[in-house]
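The following note sets out several points for consideration alongside the sequence and the model. It is arranged by topic.

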Amino acid sequence: MIALATSSDKLHPVFGLWPVSLCSDLHTWLATGQSGKVLAFVDRHDSVEVSFNTDATTGLDPFFNANRPEDLNTVRKALT
């Protein structure tokens, strides 16, 4: 079973626990030109969503993505 992270009602499929036993199937999936979308591969297997709460101290989503200068400012403000 694949365990995928969720937070703030959003799925984060790249963050999770992936059984090593899926390695061969993943290799075949990619080698045969199947969709490169993570969720397309996940749909072939059993999975469960594991919810992560907003950080109580900073108020930030644990998967907050800081891509822009304003995002970095948000993180700095939350950590002070």
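**Notes on charged pairs, core and surface**

1. Arg68 is partly exposed, because its relative accessibility is 47% and the term covers values between buried (under 20% relative accessible area) and exposed (over 50%), with a 1.4 Å probe and protein chains only. The model is a predicted one, in which local features need pLDDT of at least 70 and side-chain atom pairs count only at pLDDT 80 or more, while totals for chains, interfaces and linings use all residues. Residues are numbered from 1 along each chain as its sequence is written, and side-chain values use heavy atoms, with hydrogens and water left out.

2. Arg68 takes part in a network of salt bridges with Glu70 and Asp71; a salt bridge here is a side-chain nitrogen of Lys or Arg within 4 Å of a carboxyl oxygen of Asp or Glu. The side chains of Arg68 and Glu70 meet at 3.3 Å, N to O. In the bridge between Arg68 and Asp71, the closest N and O atoms are 2.9 Å apart. Glu70 is partly exposed, at 42% relative accessible area, whereas Asp71 counts as buried at 8%.

3. The structure holds three salt bridges, one of which joins the side chains of Arg44 and Asp25 (2.6 Å, N to O). Arg44 lies in the loop between H2 and E3 and Asp25 in helix H1 (residues 23-31), so this pair ties together parts that are 19 residues apart in sequence. Helices (H or I, at least four residues) and strands (E, at least two) are DSSP runs numbered from the N terminus. Arg44 is partly exposed, with a relative accessible area of 45%.

4. Arg44 is also in contact (heavy atoms within 4.5 Å) with Trp29. Leaving aside neighbours within four places in sequence, the other contacts of Trp29 are Gln34, Ser35, Ala40 and Phe41.

5. Trp29 and Phe41 belong to the largest nonpolar core, which has six residues and also includes Ile2, Leu4, Leu22 and Val42. Such a core is a set of buried Ala, Val, Leu, Ile, Met, Phe, Trp, Tyr and Cys residues joined through side-chain atoms within 4.5 Å. Strand E1 (2-7) and helix H2 (38-42) are the elements that give two or more residues to this core.

6. At the surface, Met1, Val48, Val50 and Phe52 make a nonpolar patch of about 360 Å². Patch residues have over 30% relative accessible area and no salt bridge; nonpolar side chains (Val, Leu, Ile, Met, Phe, Trp, Tyr) are joined within 5 Å, and like charges within 9 Å. Accessible areas come from the Shrake-Rupley method with a 1.4 Å probe, and for residues only the protein chains shown count as cover. Val48 is found in strand E3 (residues 47-51) and counts as partly exposed at 35% relative accessibility.
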